[in-house]
Amino acid sequence: MRSNGVLGLNRRNGDYILKMNDRRFFPLVDDKVLCKERLQERGLAVPELIALARYMQQASHLGDLLGTHNEFVIKPAHGSGGDGILVIKDRKADYFVDSDGNLVKRADLEHHVTNVIGGLYSLGGQPDVAMIESLVHFDPAFAGLTYHGVPDIRVIVYRGYPVMAMVRLPTRESHGKANLHQGAIGVGVDLATGITVGGVSGNSPVSLHPDTGSEISGFQVPHWSSIVSMAAQCFEAVELGYLGVDIVLDERHGPLILELNARPGLNIQIANRRGLRLRLDAVDGLGQREESPEWRVEWACRAFGDPRTDLFNPEPLLSGS
Amino acid sequence: MTRSRQWVVLSLLLVLLGGITFAYKVVRLGYPVLPDETGEQWLVQARLEIEPVKGPVRASLLLPVRSTGFTVTNESFISRDFGLTLEENMFRRQADWAIRSLDSDRVLYYRATVIRDTRNSRFANRPEIPSAPELDEPWASAMADLVQEVKTESADAQSFAAEILDHLQNSPDDANWNLFLEGVESSLDYARLAQSILAMEQIPSMLVHGILLNNDVQRSAIHTMLAVWDGEHWMLFDPQTGQQGRPEEFMIWWRGMETLAGVSGALINDLQISVKRRLRSSLDLAAQRTELKDSFIGRISLLHLPVQTQSVYEVLLLVPFGILVIVVLRNFVGLSSFGTFAPVLIALAFRETELVKGILLFMMIVSMGLVFRFYLERLRLLLVPRLAAVVTIVVLLMTAISLFSDRMGVETGLSVSLFPMVIISMVIERMSIVWEERGAMTSIQEGLGSLLMASLAYSVISIDVLEYWVTVFPEVNLIVLGLIVALGRYTGFRLTELIRFRQLAGSNPL
């Protein structure tokens, strides 16, 4: 396992997160409001922020905050692991419809907002802010591969170089959420082409989507080159050396950066059937150099591109650049 | 030196420092590595806290007298600027502290080592014959009646006294007895009442006060017994059970009507007698200690702290061992729990309840708490009040369990009060959230995981040798710290990851 370059939690924490991710930059990703501002300053596309609810009183005036929006997502600004995210797809008088199609009473919604503000989902129980974002209308390309909810693309960016990517497909079990530990399926993606290579549910491999029955591998993710390029640019935005970038595909707006993660999970290795270590070592092998995001993407796509020939030699690539 | 290697040096230094101190104590100072249970002794401490009122302050404390059963050795006083004088005669000893003026609260200590002594010793002198108390009506005739009643049922002073105590306990419906039993509650009250009745028959009697030496007690209760003179010997009776004879663990402290401590020019804020059981090997240490005054290392041991503080630190010093277990379970095995170190606190609570009962209590409280928590969720309380409500419910549940188990005659319920209720409340809150977000299975699984970790931590901190070690060799915690530092740089796989990433193992993964 070690020789295959599999990265364990201890090493991820000790050798990468502690060394590469400066504590003072953590708030930039842990606070999703701040993160969104940073990304927008860099000209990176993000889902539109409808409103922020900072105070308990605002929960009871949810109508004012929502305005005319009938579809939206409520999430805690300091949430982790997808907890506390409520997706609303429609509104009928005082009832709302969530991603599973269940009716949600207005009072339930307000209670959820007070829970978020009270800090139920934030790290350490700190008081939090509830974000109300516009709902992403996912690209119909994914229709056969998803059950409700929005599939998203996770790219691990190491020192600005995209090193591994996967698509996360919501399932019935995950209640429309794209988090693997909640039951979503992780699908490995070839970094160079954006073609899926096979999936994993929990910790075991799957080849068909359990709810739609569609074949998972061999699917071309649209807008792939801009996805990888956006992910690489996030490094400049938040200056974290070991970063997970979550991107969604919107029907109208194309790829949008949903959130960044300073402690991205390791299941991406199972989804890609590849360990992360060798790729991280390869990036470290480049030494200290200041390169543009475009150069980094090009290098990474050539280095990590075709998973069948993953045992690459970066040297010729470097001399050619 | 690079930062990346510093941890190796630090860890080695800590382990070496702890190890060398430990070895020095064992090899050079002769501290036993294991407790040898050849005999027992008790450290008895009286702690008198006084608050000055005005003028010169005097405080007096009665000291234990040598008597059948126990011998007092190694007495010491902590007087803190007070002048100390001792008054001693064969049956009464008293310490007097005095100071001309005092401007703040002061704590005075008396400490002694008590060991068992099987020799008989004289209990008291031949007593004076008491005069019968004079009573008003209706007490006088009631007293006459009940003396007559007891007299017909008894043959001598011994059986007379036994009958009186028996009646005091078992005649609640008799009008004559009831007249005297009003307001009688403590063993002292019973003993004094029995004394008056005995005096009617000119039978000499005496109050005897003392403490029970059986367990470690932070605040030992004073037990009063009744001594009755049968013309030749003194006989001891338990005024509340009527049982004759000195209980084996009863140490006589003082006799008569006096109180244990008295003050003038001040108020007694607190008077506390604590008892700590020691193994004989500690006695050897105590003997060595006097010779080791110059050895700094010899002085690093909890044996020099006041007795109550010792038992607190004994628990505190065990915590790092529990935490070490958690580190191993989390970073090597890969288990997860609710709250990083919550399992250690639960494990500490298990020390009071024993493992099986502790686990049952924990599961009972958590599952009942969960039911309430789900109900509270429907009331839509805000987060902090809801947590507060859960804590309150947990406290009430604990009280209910204590009361119930006390009824049932199960003693462990009482110690549940030491369960860390806030921790339990947080576990309930986290469990209910996980329950809603990821389903009952995950939630119960994680709850059981926490319980498993707590049990493993408990099984380590309940090792007897460790308790002895942290008291005598507190430096073992340096070794623990060194190990924790070393474990902190373990970046290899966790046991659970070997399963999680098993498809990526082997020479040709998938």
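# A guided tour of chains A and B

Half of chain A is interior: buried residues make up 50% of its 321 residues. The structure shown is a predicted model. Please begin by displaying chain A alone, coloured by secondary structure; 11 helices and 13 strands should appear. With regard to contacts in chain A between residues with a separation of 6 or more, 63% join residues 24 or more positions apart.

## First stop: the sheet of six strands in chain A

Select β1 to β6 of chain A. These 6 strands form an open sheet in the order β1-β6-β2-β3-β4-β5, and the pairing is antiparallel. Which strands stand at the edges? They are β1 (49-53) and β5 (103-105) of chain A, each of which pairs on one side only. Viewed along the sheet, the twist averages 35 degrees from one strand to the next. As general background, the strands of a sheet pair through backbone hydrogen bonds, in either a parallel or an antiparallel manner.

Within this sheet, select residues 72-76 and 130-134 of chain A. These are strands β2 and β6, which pair in the antiparallel sense over 5 bridges. To find one position in the pairing, label A:Phe72; opposite this residue, in β6(A), stands A:Ser134.

Next, add residues 106-118 of chain A to the selection. This is helix α6, which lies across β1, β2, β3 (86-92), β4 (95-98), β5 and β6 of chain A. The helix runs at about 70 degrees to β5(A).

## Second stop: A:Val187

Centre the view on A:Val187, a residue of strand β9 (residues 185-189) of chain A. Is this residue buried or exposed? A:Val187 has 27 other C-beta atoms within 10 Å; the threshold for a buried residue is 20 or more, and A:Val187 is therefore buried.

Now display the surroundings of A:Val187. Leaving aside residues up to four places away in sequence, A:Val187 touches A:Met166, A:Val167, A:Leu169, A:Thr196, A:Gly198, A:Gly199, A:Ile216 and A:Ala271. A distance may also be drawn from A:Val187 to A:Gln269: the two residues are 82 residues apart in sequence, and their C-alpha atoms are 10.0 Å apart in space.

## Third stop: two loop residues with positive phi

Most residues other than glycine have a negative phi. Two residues on either side of helix α7 are of interest in this respect.

Select A:His223 in the loop between β11 (204-206) and α7 (224-238) of chain A. Its phi is near 55 degrees, a positive value in a residue other than glycine. A:His223 is partly exposed, with 18 other C-beta atoms within 10 Å.

Then move to A:Glu239, in the loop between α7 and β12 (242-250) of chain A. Phi is positive here too, near 60 degrees, and A:Glu239 is likewise not a glycine. With 16 other C-beta atoms within 10 Å, A:Glu239 is partly exposed.

## Fourth stop: the contact between the chains

Display both chains and select the residues where they meet. The contact takes 25 residues from chain A and 23 residues from chain B. In chain B, α11 (383-407), α13 (421-461) and α16 (495-500) each supply at least two residues of the side that touches chain A. Coloured by class, this side of chain B shows 12 nonpolar, 4 polar and 7 charged residues.

## Fifth stop: the sheet of four strands in chain B

Hide chain A and turn to an open sheet of 4 strands in chain B, ordered β4-β5-β2-β11 with antiparallel pairing. The edges are β4 (83-88) and β11 (261-264); each has a single partner strand, so one side of each is left without a neighbour in the sheet. Neighbouring strands are turned by 15 degrees against each other on average, direction ignored.

Select β4(B) together with strand β5 (residues 93-99) of chain B: the two pair in the antiparallel sense over 6 bridges. One pair to label is B:Thr85 and its bridge partner in β5(B), B:Asp96.

## Final stop: two crossing helices in chain B

Select residues 342-353 and 355-379 of chain B, which are helices α9 and α10. Their axes come within 7 Å and cross at roughly 120 degrees, which makes α9(B) oblique to α10(B). The contact is made by B:Ile346, B:Ala349, B:Phe350 and B:Thr353 of α9(B), and by B:Leu355, B:Lys357, B:Gly358, B:Leu361 and B:Phe362 of α10(B). By class, this contact has 6 nonpolar, 2 polar and 1 charged residues. The crossing of α9(B) and α10(B) is right-handed.

Conventions: Residues are numbered from 1 along each chain as its sequence is written. Chains are lettered from A and ligands numbered from 1 in the order in which they are written. This is a predicted model: local features need pLDDT of at least 70, side-chain atom pairs count only at pLDDT 80 or more; totals for chains, interfaces and linings use all residues. A residue is buried if 20 or more other C-beta atoms lie within 10 Å of its own, exposed if 12 or fewer, and partly exposed in between; C-beta atoms are placed from the backbone. Two residues are in contact if their C-beta atoms, placed from the backbone, lie within 7 Å. Ala, Val, Leu, Ile, Met, Phe, Trp, Tyr, Cys and Pro count as nonpolar, Asp, Glu, Lys and Arg as charged, and the others, Gly among them, as polar. Two strands pair if DSSP finds at least two bridges between them. Axes are lines fitted to C-alpha atoms, for helices over the stretch in contact, and angles run from 0 to 180 degrees between N-to-C directions. Angles under 35 degrees count as roughly parallel, over 145 as roughly antiparallel, 65 to 115 as roughly perpendicular and the rest as oblique. A crossing is left-handed if the near helix is turned anticlockwise from the far one by less than a right angle, and right-handed if clockwise.
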